[in-house]
Amino acid sequence: MNRTRTFILTLLAMLAFASNSLLCRVALKANHIDPASFTFVRIASGAVALWGITMARRGVVKLNNHSSPRVAWVSPIALFAYAAAFSFAYRDLPAGTGALLLFGAVQATMILWGLHKGERLYPAQIVGLVAAAGGLVALVFPGLSAPPLVASILMLISGSAWGIYSLRGRGSTDPISATTSNFLRAAPFAAALALAMAVRIHGDSSGLWNAILSGAVTSGVGYIIWYIALPGLKATTAATVQLSVPVLAATGGILLLGEPITLRFALASLAVLGGIALVVLERPREVGASVSR
């Protein structure tokens, strides 16, 4: 894939992820909706929107693009696990602590898999990775506190599940169909969760609209873009670029929610984005192994 096209698609995907984070923050932290309902509406609206896109594009939705039925369920389960664990964890974790746990788990999952499959980080990329991780810690450190154990475990599960989902997307030959299939297959799990938590269900129009927008646009369309970009990225690179999401989300908070801009934010953002640039722009001497689906 052309490097410029990969860069643009990756940037769009990161903007979608950051926007999704803002929508989740507004809906869940302000208690406009409960986590189980948010998860169900998010996945269900994403499934409906993606089904419409797929039908308009080719008139058929392929639910099984794999030779093994078991393999076909791995990505949907990972998608559901990510969304559900994230929603429940976000209810109790401070934003800074949650970002560290989530993206730390994403990085660990994807980088370890990449190294296992033969990918290598060159010296400049290692420096970039350390700089990006350090910048993220500096960005959220003032808000860190002893996090609740259950919420922390849930956020680590969410990050690991998203790492698995992203890794599997690197082998997708039809991103739109694959993403649609994943959302349709994940929807029953989300419905079962909502039914199990029926006694605690609540939501107002603001929470529902945030969940719908999160599912149909920033999740559904954003994940298609991410799946299109992934084949052009090594697993280690795909893990590192996602460190930009907390910075982009914090920028959105400044621009859209009126949150104050600080010198710490500016310096930490430079460290994160500069570190990502070192990892992404360093030209490897060998092509990383593909992730088999």
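The crossing of helix H1 and helix H4 is right-handed. This description rests on a predicted model. Two helix pairs are covered below, H1 with H4 and H7 with H9, along with two buried residues, Pro-76 and Ser-219.

**Helices H1 and H4**

- H1 spans residues 3-29 and H4 spans residues 74-92; the two pack at an angle of about 50°, and their axes lie 10 Å apart.
- Because of that angle, H1 is oblique to H4.
- On the H1 side, the contact is made by Asn-20, Ser-21, Cys-24, Arg-25, Leu-28 and Lys-29.
- On the H4 side, Tyr-82, Phe-86, Ser-87, Tyr-90 and Arg-91 take part.
- Sorted by class, the contact of H1 with H4 has 5 nonpolar residues, 3 polar ones and 3 charged ones.

**Pro-76 in helix H4**

- Pro-76 is located in H4.
- Its relative accessibility is 0%, so Pro-76 counts as buried, the cut-off for buried being under 20%.
- When residues up to four places away in sequence are not counted, Pro-76 touches Asn-182, Arg-185 and Ala-186.
- Pro-76 and Ala-187 are separated by 111 residues in sequence, while their C-alpha atoms are 8.6 Å apart in space.

**Helices H7 and H9**

- H7 covers residues 149-169 and H9 covers residues 205-229.
- The axes of H7 and H9 come within 8 Å of each other and cross at roughly 55°.
- H7 and H9 are therefore oblique to each other.
- From H7, the residues that meet H9 are Trp-162, Tyr-165, Ser-166, Arg-168 and Gly-169.
- From H9, their counterparts are Tyr-223, Trp-226 and Tyr-227.
- This contact of H7 with H9 divides by class into 5 nonpolar, 2 polar and 1 charged residues.

**Ser-219 in helix H9**

- Ser-219 is placed in H9.
- With a relative accessible area of 1%, Ser-219 is buried, because buried means under 20%.
- Setting aside neighbours within four places in sequence, Ser-219 is in contact with Asn-20, Arg-42, Phe-183 and Ser-214.
- Asn-20, one of the residues that Ser-219 contacts, is also among the H1 residues that make the contact with H4.

Technical notes:
Residues numbered from 1 in each chain as written. Predicted model: local features only at pLDDT ≥ 70, side-chain atom pairs only at ≥ 80, totals over all residues. Heavy atoms only, no water. Axes fitted to C-alpha atoms, helices over the stretch in contact; angles between N-to-C directions. Helix = DSSP H or I, 4+ residues; strand = E, 2+ residues; numbered from the N terminus. Parallel < 35°, antiparallel > 145°, perpendicular 65-115°, else oblique. Left-handed = near helix turned anticlockwise from the far one by under 90°. Contact = heavy atoms within 4.5 Å. Nonpolar A, V, L, I, M, F, W, Y, C, P; charged D, E, K, R; others polar. Buried < 20%, exposed > 50% of the residue type's maximum accessible area, 1.4 Å probe, protein only.
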